[in-house]
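Me: I have a structure open and would like to go through some of it piece by piece. Can you take my questions as they come?

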Amino acid sequence: MPLPTSLEANLDLPLVAAPMFLISGPDLAIACCKQGIVGSFPALNQRSSDGFESWLIRMNDELARFRSDNPERTIAPYAVNLIVHNTNPRWEADLELCVKHQVPIVITSLGAATKVTEAVHSYGGLVFHDVTNQKHARKAAAAGVDGIIAVSAGAGGHAGTTNPFVLVHEIREVFDGMILLAGGLSKGEDILAAQAMGADLCYLGTRFINTTESQAEAAYQNMIIEAGSGDIIHTPAVSGIPANFMRQSLEAAGYPMDKLNQAGDIDYGEKLKPMDDEAKAWKTVWSAGHGVSQINDVLPTADLVTRIRKEYQAAKARLCGPN
């Protein structure tokens, strides 16, 4: 479907850099927005709501200043990820801060809440919600979200197991808003392929771990470079619901590889660990998606987006000709 004018007019590529737990912060989000793609971060990457508010103030101030200094540039809006679940006692307070500072896009996870969409729509913001199956897409649609993120097989973090072609089609059957595709995407031609299958935007996470603005430590980035798609293990053993992690990291943390439960989709519910336990687990066990097989370097976000843009344009030229 056509993107809202407020979004389309401020995107240089149909791309969102996904919010990654413990990885994404204002440095990465601002660098993405300056390159014309949506940058984002989870509210919980700040240890308190006060700290989260300081990030929102910084985002608004720095991007406003950059727009003023560079009126000719396409500068994308930013997004904040809220975990809407009873294991996160902060989510309502953090939502109030999103409204106070008019966060352009709010990405919800682990719960699609009408309260969120009503609050964000009150000032003209957009709400995206991530799902791994059609059942959760129906709930998100009922909650009035503007976009649904199809988290397909091969995505980093809490991922599904459904083929991306099938998942996009199943979501479209029950939702007529924007669809964002996540799962194994890392190159410009992947964006074009996603658009051809019916996605409106693409959602890349793992590729942005290996940027200089990422909060990932060097050992994490090096492991991504060394890993292949076969090293990605889908298991609920770390956080209580299935997520993708690098085999090397699981082994280093002492997980018994022959006993990991390779479970499929599990309903969100009471299976999540408390947030403090979750943070400890993800600090020592590193998540990534199948896209690791295409990542061989660490570079500034500006250089990465330039590369992806050139790949996207080259793919369009191959299929459609220079015009």
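Reply: Yes. Keep in mind that this is a predicted model. We can begin with helix 13, where the face turned away from the buried side carries the exposed residues Lys310 and Arg318.

Me: ok, and which residues of helix 13 are buried?

Reply: Thr301, Leu304, Val305, Ile308, Arg309, Glu311, Tyr312 and Ala315. Looking down the axis of helix 13, you find these buried residues within an arc of 160°, so they line one face of the helix.

Me: why would residues three or four places apart point the same way?

Reply: An α-helix has 3.6 residues a turn, so residues at that spacing point the same way.

Me: what covers the buried residues of helix 13?

Reply: The cover includes strand 1 (15-17), helix 2 (26-34), helix 8 (188-196), strand 8 (201-204) and helix 9 (206-209).

Me: how many residues does helix 13 have, and how far does it reach?

Reply: Helix 13 covers residues 301-320, which is 20 residues. From first C-alpha to last it reaches 28 Å, close to the 28 Å expected at 1.5 Å a residue. Just after helix 13 comes Gly321, with a positive phi of about 85°.

Me: back to Arg309. why does it count as buried?

Reply: Its relative accessible area is 17%, and buried means under 20%, so Arg309 counts as buried. Leaving aside neighbours within four places in sequence, Arg309 is in contact with Asp12, Leu13 and Gln35.

Me: new topic, the sheet. what's the strand order?

Reply: It is an open sheet of 8 strands in the order 1-8-7-6-5-4-3-2, with parallel pairing. Strand 1 and strand 2 (39-42) stand at the edges with a single partner strand each, so one side of each has no neighbour in the sheet. On average, neighbouring strands are turned by 25° against each other, direction ignored.

Me: strand 7, is that buried or exposed?

Reply: Buried: 5 of the 5 residues of strand 7 are, so the strand is largely enclosed by the rest of the structure. Met178, Leu180 and Ala182 are buried on one side, and Ile179 and Leu181 on the other.

Me: why do they split onto two sides like that?

Reply: In a regular strand the side chains alternate between the two faces of the sheet.

Me: how many bridges join strand 6 to strand 7?

Reply: 5 bridges, and the two strands run parallel. One pair to look at is Ala150 with its bridge partner Leu181 in strand 7. Strand 7 (residues 178-182) also pairs with strand 8 in the parallel sense, over 3 bridges, and Ala182 stands opposite Tyr203 in strand 8.

Me: which strands does helix 7 touch?

Reply: Helix 7 (residues 164-174) packs on the sheet and touches strand 5 (126-131), strand 6 (147-151) and strand 7. The direction of helix 7 makes about 160° with that of strand 7.

Me: and at what angle do helix 6 and helix 7 pack?

Reply: About 35°, with their axes 9 Å apart. The crossing is right-handed. On the helix 6 side the contact is made by Gln134, Ala137, Arg138 and Ala141, and on the helix 7 side by Glu170, Ile171, Glu173 and Val174.

Me: last one, Glu53. where is it found?

Reply: In helix 3 (residues 49-69). Glu53 is buried, with a relative accessible area of 17%. Not counting residues up to four places away in sequence, Glu53 touches Leu97, Lys100 and His101.

Methods:
Residues numbered from 1 in each chain as written. Predicted model: local features only at pLDDT ≥ 70, side-chain atom pairs only at ≥ 80, totals over all residues. Heavy atoms only, no water. Helix = DSSP H or I, 4+ residues; strand = E, 2+ residues; numbered from the N terminus. Expected span 1.5 Å × (residues − 1). Buried < 20%, exposed > 50% of the residue type's maximum accessible area, 1.4 Å probe, protein only. Arc of directions from axis to C-beta. Contact = heavy atoms within 4.5 Å. Pairing = 2+ DSSP bridges. Axes fitted to C-alpha atoms, helices over the stretch in contact; angles between N-to-C directions. Left-handed = near helix turned anticlockwise from the far one by under 90°.
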